[in-house]
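Subject: A structure to look at

Hello,

Here is the structure I promised to pass on to you. Please open it beside this message, and then read on for what turned up in it.

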Amino acid sequence: MTEPKHAQLKKTVAPFEKSDLKSSIRQLINTLAPLVLLWCAAYYSLSVSYWLTLAIGIVTSGFVIRTFIIFHDCCHGSFFNNKKANDIVGTITGVLTLVPYQQWKNSHAIHHATSSNLDKRGVGDLWILTVEEYAAASFFRRMAYRMYRHPLVMFGLGPIGVFMIQYRFNRKGARRKEKRNTHLTNFLIVALYALLCWAIGWQAFIMVQGPIFFVSGLLGIWLFYVQHQFEDSYFENEDEWSYVKAAVDGSSYYKLPKVLQWITGNIGFHHVHHLSPKVPNYFLEQAHNATPPLHKATTINIKESLESLQFRLWDEQNKKFVSFRGIKQRLRKIEKPPEKLKAARPSLQGE
């Protein structure tokens, strides 16, 4: 895609980059009110059946995801036109979703600026190795990577590791404003949870909040994972990397049923979001529909998205994600060069 086409694409999306106050307030109401009511319903259902509590908890976790989308828009400054309003609502929704506002805002901005750039991995994204990097890695690094990429670790331990542990600490080099916001978020989370434990008892609190936390955390990681980890994604080194290609080719259009699309705040239109983070979530579908070139983005449904669980390494040679099993023979060739190359190596090293 040439630079003029880049500019045209951004120009087409530009009208959707301004938030609408009524839409934002409406979304706050239809998200936070059901979240509170469902949480209370889950608590009162404990006296009926814990299976009912779990069922209500799963629905509640969907509204936690929707709350996170509001938080996410505030981080981009797209939920309100007013910066202070974004900061306040972002901090509050961050407490509800266990994510420090300033910390995530900064790391996520880096994610957008470096997404699909092989030379700038490591901040705000998932750990991804190329086939060649994996082949050159030590035994322990390989085992660590295999464990990290295993679905039971990523989606089982991931919610605990990320939301309960990682986000409770400031990142290295964080500025004072970010540090103070993380401390404030931690304090407010402890205060809220302590109040709830006092009001309903710690056992009841754990029985209600535990499943809601785990399911919402799992789904949050899944959405982030699947929208960048599809087979024909896009990754390039810095000298060939393109922001627009990273957005359109490196982010999927996760086509969900309308109910799930609403619950997830249209985040399935991830290619639109990466092209223009200033578009509020409630305008993403309209921006997609109004921009024909965006219709060419990789579209995946729920069934197809499950196939992404097998993708573990980025194959620079063939420009696609591959499984460990799919490159066994190739890894052997990389690890054990032909005898002629082995024989030639000493003389090359001596030159």
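Below is a short tour of what was found, grouped by topic.

One thing to know before you start: this is a predicted model.

**The sheet**

A good place to begin is the open sheet, which has 3 strands in the order 1-4-5 and mixed pairing. Its edges are strand 1 (129-130) and strand 5 (320-322); each has a single partner strand, so one side of each is left without a neighbour in the sheet. Strand 4 (residues 313-315) and strand 5 run antiparallel and are joined by 3 bridges. If you would like one pair to find on screen, take Leu313, whose bridge partner in strand 5 is Val322. As background, the strands of a sheet pair through backbone hydrogen bonds, in either a parallel or an antiparallel way.

**Helix 10**

Next, have a look at helix 10, which covers residues 202-226. With 25 residues at 1.5 Å a residue, helix 10 should span 36 Å, and its end C-alpha atoms are 35 Å apart, which agrees. Where in helix 10 does the kink lie? The kink, of about 30°, is at Gln209, shortly before the proline Pro211.

Past helix 10, in the loop between helix 10 and helix 11, you will find Gln227. Gln227 has a relative accessibility of 0%, so it counts as buried. From Gln227 to Thr91 the distance is 25 Å, C-alpha to C-alpha, and the two are 136 residues apart in sequence.

**Salt bridges**

How many salt bridges does a search of the whole structure find? The search gives 6, and here are three of them, one at a time.

In one of them, the side chains of Glu238 and Lys120 meet at 3.6 Å, N to O. This pair links distant parts of the chain, 118 residues apart: Glu238 sits in the loop between helix 10 and helix 11 (243-248), and Lys120 in the loop between helix 5 (101-114) and strand 1. Glu238 is partly exposed, at a relative accessible area of 36%, and Lys120 is partly exposed too, at 42%.

In another, the side chains of Arg121 and Glu133 meet at 2.7 Å, N to O. Arg121 belongs to the loop between helix 5 and strand 1, and Glu133 to helix 6 (residues 131-136), so this salt bridge ties together parts that are 12 residues apart in sequence. Arg121 counts as partly exposed at 28% relative accessibility, as does Glu133 at 30%.

A further salt bridge is formed by the side chains of Lys319 and Glu236, at 3.2 Å, N to O. Since Lys319 lies in the loop between strand 4 and strand 5, and Glu236 in the loop between helix 10 and helix 11, the pair ties together parts that are 83 residues apart in sequence. Is each partner buried or partly exposed? Lys319 is partly exposed, with a relative accessible area of 38%, whereas Glu236 counts as buried because its relative accessibility is 14%, and buried means under 20%.

**A patch on the surface**

On the surface there is a nonpolar patch made by Ile160, Met164, Ile165 and Phe169, which together have about 400 Å² of accessible area. Phe169 is placed in the loop between helix 8 (151-165) and helix 9 (176-200). With a relative accessible area of 56%, Phe169 is exposed.

**Some loop residues**

A few residues in loops are also worth a click. In general, most residues other than glycine have a negative phi. Ser116, in the loop between helix 5 and strand 1, has a positive phi, near 75°. Ser116 counts as buried, at 5% relative accessibility. Asn266 is not a glycine either, and its phi is positive at about 60°. You will find Asn266 in the loop between helix 12 (258-263) and helix 13, where it counts as buried at 13% relative accessibility.

Finally, look at Ser276, in the loop between helix 13 (270-275) and helix 14 (284-289). Ser276 is buried, with a relative accessible area of 1%. Its C-alpha atom is separated by 9.7 Å from that of Ala287, 11 residues apart along the chain.

Enjoy exploring, and write back with any questions.

Best wishes

Technical notes
Residues numbered from 1 in each chain as written. Predicted model: local features only at pLDDT ≥ 70, side-chain atom pairs only at ≥ 80, totals over all residues. Heavy atoms only, no water. Patch = residues over 30% accessible without salt bridge, like charges linked within 9 Å, V, L, I, M, F, W, Y side chains within 5 Å. Areas by Shrake-Rupley, 256 points an atom, 1.4 Å probe, with all protein chains shown as cover. Salt bridge = Lys/Arg side-chain N within 4 Å of Asp/Glu carboxyl O. Helix = DSSP H or I, 4+ residues; strand = E, 2+ residues; numbered from the N terminus. Buried < 20%, exposed > 50% of the residue type's maximum accessible area, 1.4 Å probe, protein only. Expected span 1.5 Å × (residues − 1). Bend = angle between axes of the 7 residues up to and from the residue. Pairing = 2+ DSSP bridges.
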